[in-house]
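Here is a friendly look at the empty spaces and aromatic rings of one protein. Have the sequence and the model open as you read.

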Amino acid sequence: MLLIVLFLASSTHMMSNLLRPLTDPKDMADGCALAAGYDPQANSLWNQMLTGTPAFEHCLDANAGGSLTLALPYLATAALMVLAMGLYALLPYWKERSGRVVPVASMDADGALRAELARLLGVAGLRRTPRFVVDPTAYGPNAIVYGRLGRYTVRLDAGLVMLFRKDRRAFEATLLHEFAHIRNGDVDITYLTVAIWRVFVVGALAPYAVVASGYLVSTLSERAPGYWSASLPLLVRTLVMSAFLVALTYLAMADVLRTREMCADIEAVGNQADRSYWTRHITDTPRSGSQSWSRLRAMARAVRAALRTHPDWSARAAATVDPAAVFTLSAMPMFLTGVAVTIFGYHLNFTPGANEQLVDYGTWPAATLATAVAGVAVWRRVTRSVGEGAPPSSVLRAGLRAGLWVGAGCLGGDVLVSQSLGDRWLPPWPQGLLLAAVVLVPAAVLWWTGACAVLWADMRPGRRRVAAVFTLAVSGAALAWWFAWWQAAGRTFAGGLPLSTEEILAGLYGDMPPSTTMDVVATLALPVLSMSSFGWSVWLTSALWIVPLAGLARRRRASGVRGMSAGTVIGLLGGVVAAVGLIVVTHRAHESIWDDKQPVLQAVTLSTAWFFAILLCTAAGASFAVSCTGRGNAATAMAAAGTAMAVALVVLFAVTQTDGCVPPLATVKETCAPVADDDWFVLSLFLPQLLAMAGLATLVAALLGALITAPLHRRERGIACHHTGHDTRRRPGRRAARLAGTTVACAVLVGASAAGYFGYFHQTESDDASASDGIDRTLTGLFKGPVSTEVRDAQVWAWSYFGGGDLLAHYAEDIGDLDRSANTDGRIDVRAMRAACVNLRRLPDRAAAYFPIPDPRQQAVWSAALANTRKAAQKCVTGLDRMDQRTLAAAFRELHPVPDPVTCVADQVDRVVARAQQERGIRPESVTVDRRPESCP
């Protein structure tokens with residue numbers, strides 16, 4: 001499945017670039033990006049936000065070709081898939097032509113061979129008899145199966161036929177192995193895997209590498225590269241990604257083929273094949289030498305094993321002895337899963353023609369793939385190990401190792417596909433440290449999945465499946481949130497997004513005087529708000545805490561899950577510490593407002609910042625402490641974090657909703673009064689953002705605790721948990737108290753999530769029709785860096801060429817029509833005047849659907865003029881409806897200001913366009929018509 005997904009995503013992305021001369025022959029996509037305000041010389045979150053707007057999509061639809069043209073990459077990918085299926089169908093014929101075969105009857109005069117084959121078919125459980133042939137020119141004791149679904153052929157070498165007379169047990173083992181391939185469907189999987197790999201390399205990867213190499217050569221030979229030229233590091237990463245995809249596809253193919261071989265061996269032994277047949281072929285002998293040389297040889301053997309499409313005899317023999325080892329969470333499949341998921345998600349979000357539909361939801365298929373492969377594998381392995389009596393600590397470590405390998409694969413894929421580095425070879429310091437999160441977050445999610453699987457492993461199969469579905473759904477949502485944030489914002493932060501404290505203070509807090517706390521708030525504002533831009537993430541946080549709480553509440557101490565009591569105690573202590581901190585901060589806010597006469601808005605802002613820090617740090621600290629003391633148990637750590645947060649939230653609600661009732665804690669109100677809607681104001685300032693990110697933040701903190709203390713617990717590996725009779729007694733009182741406490745904590749967390757989601761996000765979406773889950777565009781606009789004059793001129797030219805010039809021209813035409821509708825003798829053409837006024841009234845809506853002018857000064861004039869035009873045009877229509885001469889005269893005066901700001905904007909755009917034409921050799925069309933002479937400032 002990974003191979004097919006990677007083939008489809010990579011082929012679509014590569015074909016979109018290969019076919020760009022057909023889909024976008026005039027580079028209109030780059031022009032639309034410039035018109036939107038894209039700065040090719042900068043690395044900012046604003047750049048990424050521009051390509052997801054409806055105006056950008058409309059620009060592409062209008063200038064980059066029709067739907068059929070945009071569908072060419074998908075049609076080409078479909079053609080490659082058809083070729084792969086055709087090659088899959090032809091490979092068996094090619095395999096049959098490669099040797100001279102004869103019917104098995106010609107080599108079996110007495111019929112004993114055919115009788116034995118029929119008996120072995122019954123032992124293997126095959127209902128349909130394949131065709132048997134013999135290759136008389138092959139003298140090895142081997143057999144091979146080829147064909148396609150329902151039409152298989154077993155080719156026996158002449159040496160195997162002779163072995164039938166000499167060593168019947170070896171003959172049985174060989175045939176039972178091949179019959180297992182048929183029963184398991186390995187023949188079709190093998191040929192489809194080989195076909196996909198060959199078609200991908202020849203049909204997509206090779207042409208893509210050639211084209212990228214051509215771009216690299218042209219870039220190296222370009223003496224003075226322009227601002228839109230492809231950078232050398234970016235092209236080198238593109239070529240490296242091509243080579244990496246070849247290696248990735250080959251490793252995935254080899255892993256599939258090796259696994260199918262060992263599965264066939266396991267089934268053959270299960271059908272009473274002689275296990276000594278595998279052990280007799282082992283020829284490796286231990287070599288003497290230093291320890292360092294032994295390690296080097298072991299590493300070399302591991303590399304050779306990963307490159308083999310067929311496992312060696314020692315691995316096959318080991319699989320027959322310990323079949324469970326084949327299904328362990330090995331490094332290679334997990335690493336390949338991480339790489340494939342990253343590349344798949346990137347191609348879904350950034351493939352031309354697809355990002356219009358998938359820019360907000362493209363990470364969900366990637367998260368679903370990661371959960372279906374890695375999450376399900378972790379759940380099955382953990383529940384199987386618990387059922388076999390393995391110590392929970394070793395089981396949890398297995399899930400953690402699998403998660404770390406998935407995270408390592410995500411990091412490898414992200415380094416190759418990430419465009420946020422721009423023209424850099426490496427990310428800047430210290431922002432590049434964020435790349436560690438690419439490893440830690442997927443590892444933490446899978447670690448949490450394994451810990452929850454331990455909690456639910458003792459349930460009946462039906463209930464355990466329900467728990468698995470719910471737990472894996474939460475894991476998938478967590479991965480989707482992380483992939484979405486990393487692609488939208490995280491990569492840009494890691495690439496060195498500048499954070500301007502002064503601009504954030506001016507944009508968020510107006511005239512508030514700066515302070516140390518406000519500086520910290522301003523520095524962290526964009527990362528925190530970007531993490532909380534997905535409203536549903538508040539429910540994700542609750543689920544990450546509630547699932548372990550519920551699982552721990554139903555289990556007894558005899559279950560072997562250690563650290564349950566310590567987790568409860570630490571969680572309660574963390575809640576008490578947070579409660580004390582909240583009360584202290586509230587009292588300090590009271591003193592600042594009533595004693596120091598500090599402005600209420602500033603005092604409330606400072607106090608909410610401290611509320612946020614206290615709640616997040618105590619919850620993360622509780623999970624970190626429990627993880628350190630509980631031998632890396634994600635379930636108990638997250639339960640402690642949820643408990644601490646629940647206790648703190650109860651205190652926070654009490655403090656904020658009883659404002660004025662306790663004099664030392666009174667902030668906004670002087671006296672105690674009934675709860676009103678305004679009392680939720682303080683909570684709405686930070687609670688949604690806190691709950692949106694606290695779940696994964698506390699989980700990563702717990703993971704760090706587990707990784708730091710892992711060396712301290714290595715000596716305890718292999719030591720099983722022994723329980724005394726005291727542990728196994730039923731204690732109904734304590735169990736009832738634990739259930740009651742868990743119920744209260746879960747209810748508080750659900751209530752807080754509901755308050756955060758429905759109270760803040762729902763209000764935002766209802767107040768602003770354009771608001772939706774996603775990165776806030778107004779906030780990211782504060783982080784636009786300075787733009788060079790050359791780029792600004794090109795942006796204004798593109799804005800004019802792709803639609804802005806038409807807006808200015810339509811304005812001039814409508815004003816001209818309005819003037820011509822009023823004759824000099826006082827007569828009015830009512831129909832013409834009404835049409836001109838209606839068009840002028842609609843012009844601001846058309847301008848709002850297009851890009852703003854990239855020059856902020858001209859955009860301010862343009863937006864103000866459009867607002868005045870809308871008001872005056874509406875007055876004109878009203879005057880015509882009432883035939884009110886005075887209203888019409890006032891509308892005429894407002895539509896003819898002196899100087900006309902729209903005409904002044906058009907003059908400035910003309911000058912910038914002329915300068916861009918001179919600098920870049922661009923020849924745009926004229927942007928205005930029938931312009932009135934004006935004296936612009």
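## Cavities and aromatic rings

The structure holds seven cavities of 30 Å³ or more. A cavity here is a set of points on a 1 Å grid over the protein atoms alone where a 1.4 Å probe fits but cannot get out, and its volume is the space filled by probe spheres set on the points. The model is predicted, with local features needing pLDDT of at least 70 and side-chain atom pairs pLDDT 80 or more, while totals for chains, interfaces and linings use all residues. Residues are numbered from 1 along each chain as its sequence is written, and side-chain values use heavy atoms, without hydrogens and water.

The largest cavity has a volume of about 110 Å³. Its lining has 13 residues, and those closest to the centre are Thr 342, Phe 483, Trp 486, Gln 487 and Arg 491; lining residues have an atom within 4 Å of a point. Helix H21 gives the largest share of this lining, five residues.

Now to the rings. Those of Phe, Tyr and Trp (its six-membered ring) pair if their centres lie within 6.5 Å; planes under 30 degrees apart are stacked, over 60 edge-to-face and the rest tilted. The count comes to 15 aromatic pairs, including these two:

| Pair | Centre to centre | Angle between planes | Class |
|---|---|---|---|
| Trp 485 and Trp 486 | 6.2 Å | 50° | tilted |
| Tyr 850 and Phe 851 | 4.9 Å | 50° | tilted |

Trp 485 and Trp 486 are both buried (under 20% relative accessible area, 1.4 Å probe, protein chains only). Tyr 850 and Phe 851 are buried too, and they form one aromatic cluster with Trp 799 and Trp 862.

How values were computed:
1 Å grid on protein atoms, 1.4 Å probe; cavity = no way out; pocket = protein on both sides within 12 Å on 5 of 7 lines; lining within 4 Å. Helix = DSSP H or I, 4+ residues; strand = E, 2+ residues; numbered from the N terminus. Buried < 20%, exposed > 50% of the residue type's maximum accessible area, 1.4 Å probe, protein only.
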